[in-house]
Amino acid sequence: MKQLILYLYDHASAYKTRKSIFNIIIGKKSHQTFFDAVSLNVLSLYGCAPKLTYEQFEQIINQEENTIKRLETSHLMTFQTLDATFKAIQLLIQTVSHIQNHQRTFLPIASQVEIHDTVRQIYYEIEQRQLHATLEKEVTTLFELLDEKHDTIYCHYLLTGYDEPMYTFSQISMIEAIDIQDLFTAHYEALLSIYRFIQNAEQFPILSQCIMPLEISERVLQTLHLLENNYTIDQIAEIEQVRETTIEDHILDLFMKHQLTNYEDFFRQPYVPFLKYYQEQPYQRLKRYKEQFESLSYFELKLAIIGSAKGELHA
């Protein structure tokens with residue numbers, strides 16, 4: 001955890017306040033915090049330490065001689081999504097292992113209803129189509145790819161099955177003689193690799209179904225439904241009895257969570273000049289950008305930044 005916090009602080013401290021960075025780390029459920037994580041391309045670290053206190057955060061970043069480890073990050077998912085996806089894989093393997101050994105009663109490794117529902121559907125398909133061998137092959141391939149990408153992997157210790165308990169982080173640390181903080185960093189890197197590998201549904205037709213989606217509120221989904229039925233922003237605001245700026249935030253949320261992709265539908269003014277400027281001066285306050293590009297609304301500025309961060313809009 002410590003290395004993730006230090007990397008995020010080192011990456012963002014020149015552009016964001018300590019409080020804003022802390023909010024990303026704990027996964028504060030606010031539109032601004034989520035936007036900050038996407039625009040900085042650190043969404044995969046969003047919520048990496050939800051129980052961290054601000055005092056603990058300051059103690060970590062104020063320590064002398066901190067060594068910053070370079071980390072891969074992504075705009076596709078949050079840390080909770082990475083964790084939930086791995087838990088789905090854990091539960092699927094646990095389920096198959098127990099049932100193959102004629103044991104249908106066991107304590108599931110994950111408690112989240114969404115994960116249970118996902119794994120239940122996947123296992124039903126495995127049973128109906130007799131895909132047990134396919135699943136075993138996919139898991140073997142996944143760990144071969146992990147072994148090729150990383151010097152050492154530890155996530156196999158976290159798998160459990162019939163008569164095969166899962167190890168704790170403390171136990172893994174002792175067995176492998178690795179510092180617990182380094183182990184946590186290695187676990188994050190493995191989770192990110194697993195997510196990226198199983199996105200290939202052709203190579204992983206079963207495991208790719210374990211990818212858990214980003215959380216989207218019912219109100220934002222309602223806005224999506226109305227947009228799909230050709231309602232305008234002002235019409236949706238009237239239906240939902242909120243301000244138009246709230247609907248604009250919903251739209252930004254939908255782009256950040258990969259539910260909308262057609263940026264051109266929402267720009268009323270040319271945005272390419274701003275993108276060129278943004279590439280040269282990234283991560284600045286929106287007010288500064290607004291002063292340079294008065295014709296663009298704050299909504300359009302944020303939309304352009306999201307598109308740039310995700311590599312979907314280019315100057």
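This passage walks through two pockets and one helix of a predicted model.

The pockets come first. The largest pocket holds about 1,100 Å³ of space. Its lining runs to 38 residues, and those nearest the centre are Lys29, Thr78, Gln80, Thr81 and Glu215. Several helices take part in this lining: H3 (31-39), H5 (79-100), H6 (113-129), H9 (180-198) and H12 (244-256) each put in at least two residues. The largest share belongs to H5, which brings eight residues to the lining of the largest pocket. Sorted by chemistry, the lining of the largest pocket splits into 18 nonpolar, twelve polar and eight charged residues.

Next comes the second largest pocket, with a volume of about 390 Å³. Here 24 residues form the lining, and His150, Thr152, Thr185, Ala186 and Glu189 sit closest to the centre. Helix H8 (169-176) and helix H9 each give at least two residues to the lining of this second largest pocket. The largest share is that of H9, at ten residues. H9 thus turns up in the linings of both pockets, with at least two residues in the largest pocket and ten in the second largest. By residue class, the lining of the second largest pocket comes out as eleven nonpolar, six polar and seven charged.

Away from the pocket linings, helix H10 (residues 218-228) is worth a look for how its residues are arranged. Which residues of H10 are buried? They are Val220, Thr223, Leu224, Leu226 and Leu227. These five residues lie on the same side of H10, because they cover an arc of only 165° around the axis. On the face turned away from that buried side, H10 carries the exposed residues Glu218 and Glu228. As for what the buried side meets, the buried residues of H10 pack against helix H11 (233-240) and helix H12. H12 also has a part in the largest pocket, where this helix supplies at least two residues of the lining. Just after H10 comes Asn230, whose phi is positive, at about 70°.

One record entry bears on this region. According to the UniProt annotation, from an unreviewed entry, residues 221-305 are covered by "domain: Helicase Helix-turn-helix". In the model, the span of residues 221-305 is 62% helix and 0% strand, and its end C-alpha atoms lie 22 Å apart.

Note on methods. Residues numbered from 1 in each chain as written. Predicted model: local features only at pLDDT ≥ 70, side-chain atom pairs only at ≥ 80, totals over all residues. Heavy atoms only, no water. 1 Å grid on protein atoms, 1.4 Å probe; cavity = no way out; pocket = protein on both sides within 12 Å on 5 of 7 lines; lining within 4 Å. Points joined across faces, edges and corners; volume = space filled by probe spheres on them. Helix = DSSP H or I, 4+ residues; strand = E, 2+ residues; numbered from the N terminus. Nonpolar A, V, L, I, M, F, W, Y, C, P; charged D, E, K, R; others polar. Buried < 20%, exposed > 50% of the residue type's maximum accessible area, 1.4 Å probe, protein only. Arc of directions from axis to C-beta. Contact = heavy atoms within 4.5 Å. UniProt positions renumbered as here; feature names shortened; annotations may be inferred.
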